[in-house]
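Dear colleague,

I am handing over a structure for you to look through, and I would be glad if you kept it open beside this message while you read. My notes come after it.

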Amino acid sequence: MAYKVSKDPRTDIRERTYVPNLLRGLGITAKHFFRNLFGTRDTNTQVVDRTGASLMTTVAYPEEKPIYPEGYRGLHRLVPREDGKPRCVACYMCATICPAQCIYIEAGEYEDEASDSEDRVIEKYPTQFVIDELRCIVCGLCVDACPKDAIRMDTYTHTPPEYTRQNFVYDIPKLLKGAPVSHPSDPWNKREGSEEPHHVHKEAHTRIGEGLVELKLPHGEHGGHGKALPAGAHAGHQAVVTQQGPIQVTKFIK
Amino acid sequence: MADADLANIVTTRRDESMGWLQSIVSKGLGWARKYSLFTYPYATACCGMEYMSVAASRHDISRFGAEFPRFSPRQADLLMVVGTINLKQAPILKRVYEQMAEPKWVVAFGVCASSGGFYDNYAVLQGIDRIIPVDVYIPGCPPRPEQVLDGLMLLQDKIGNQVHRIADREEANPTAARHNLLLSMNK
């Protein structure tokens, strides 16, 4: 039985040489090439939001710094109190939970005689607080474990690369930065006199951050711990120093 | 002893001892070498994904002249150790490093390669600088592409400031020399 003659349209000489389709493909490539070459390029650091004629998605990194997403766990910082000292009370919670064991703390104790009994509301402070950033696996467990909100990873900067391993050992002067933080549940806020707490808060430990008290800057009046702060005022936004300038940190655990 | 001080004195004397033509040649070679890094990605773990991200179009590593991964160490001059190196891998890594031709540089990519990270156990090498000299350490688990590009720019600065010769008759690699010095001081 003989085969029928094929009805394939490619029997046409035009189709069999592929020349028209070849040119069409080259045209598409050339269109993209010239569009990217001469089209205006949007430099929005959020690449998915770019609306330019050019379709290039490359971020020219050292010039255009992308904004890290909300909740990005960056370089650690030790959160200062209003008087500039770290909020850390050297409880070793972060050092205990750290899976990489990259936190080293040495605790010092406030002396009884140094301050009167009313001022002595916290007992310990870190004389050394060292994080080996080359061991840290940025899991954020130290932030979760801290009962005093004393360590955070909200700097929105990455740990910079270095030439030697010694440079990655971050101590208190390198870690202590950013905006000071105060909570109504802080003991130095709680104990004004002994009558009643001068703020209204419920479940302070579960609803931390609710009803934040007004912050004082460290260059002002140096109120040591034990000095009461006016309560009730809401310090909504706190600026954190980053590479790109201040970034508004709006959220904390609510 | 502060290593930085020692290194400064050495480089200063070397700079003084170089003639004008020699320093011009050195700077030219350094300029050429730092913008044409041929990487050998020694990817063993999850950081390899971030290496791909750096090499892809969003954070284009080819903007720094390091776009072409060579899959033979003999053709590469930048060894990127990407990921965890366990003790069974260590001799292989050492051999790969020794197969590379001078001049060569090493980048420890991520905390596992740099220090062992949180794998502080019997199986994992606690930092590749126990066996090979490392030029730049990039932290992060895994590092962001921006961190890698920062590290690459650090390495380019280092290469630009090194002394380069057309024919090397002595030990050419200052990082390896410093590494050997540190190893001998530990013994």
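What follows is a short account of chain B, of its interface with chain A, and of a few backbone details.

Please keep in mind throughout that this is a predicted model. Chain B has 7 helices and 4 strands, and if you follow the sequence from its start you will meet them in the pattern α-α-β-α-β-α-β-α-β-α-α. Of the 187 residues in this chain, 47% count as buried, while the area that chain B exposes comes to about 9,500 Å², with 56% of it supplied by carbon and sulfur atoms. When contacts in chain B with a separation of 6 or more are considered, 78% of them are made by residues that lie 24 or more positions apart.

The interface comes next. Here 32 residues of chain B are in contact with 28 residues of chain A, and the area buried between the two chains is about 2,600 Å², of which 59% is given by carbon and sulfur atoms. On the side of chain B, the residues that lose the most area to chain A are B:Arg58, B:Phe118 and B:Tyr137, which together account for 23% of what that side buries.

Which side chains meet in a salt bridge? They are those of A:Arg165 and B:Asp129, at 2.9 Å from N to O, and the count between the two chains is 1 salt bridge. There are also 15 residue pairs in polar contact across the interface of chain B and chain A. Helix 5 (111-115), strand 4 (136-138) and helix 6 (145-161) of chain B are the elements that give two or more residues to the side touching chain A, and the largest share, 9 residues, comes from helix 6. Sorted by class, that side has 11 nonpolar, 9 polar and 12 charged residues.

Finally, some backbone details deserve a careful look. A cis peptide bond, with omega about -5°, joins B:Glu102 and B:Pro103, and B:Pro103 lies in the loop between helix 4 (90-99) and strand 3 (105-109) of chain B. The peptide bond from B:Cys141 to B:Pro142 is also cis, with omega near -10°, and B:Pro142 is found in the loop between strand 4 and helix 6. In chain A, A:Asp149 has a positive phi of about 55° although it is not a glycine; A:Asp149 sits in the loop between helix 4 and strand 4 (151-152) of that chain, and A:Asp149 is buried, with a relative accessible area of 7%.

With best wishes

Technical notes: Residues numbered from 1 in each chain as written. Chains lettered and ligands numbered in written order. Predicted model: local features only at pLDDT ≥ 70, side-chain atom pairs only at ≥ 80, totals over all residues. Heavy atoms only, no water. Buried < 20%, exposed > 50% of the residue type's maximum accessible area, 1.4 Å probe, protein only. Contact = heavy atoms within 4.5 Å. Areas by Shrake-Rupley, 256 points an atom, 1.4 Å probe, with all protein chains shown as cover. Buried area = accessible area lost by both parts, 1.4 Å probe. Salt bridge = Lys/Arg side-chain N within 4 Å of Asp/Glu carboxyl O. Polar contact = N/O pair within 3.5 Å; in protein donor to acceptor, adjacent residues only side chain to side chain. Nonpolar A, V, L, I, M, F, W, Y, C, P; charged D, E, K, R; others polar.
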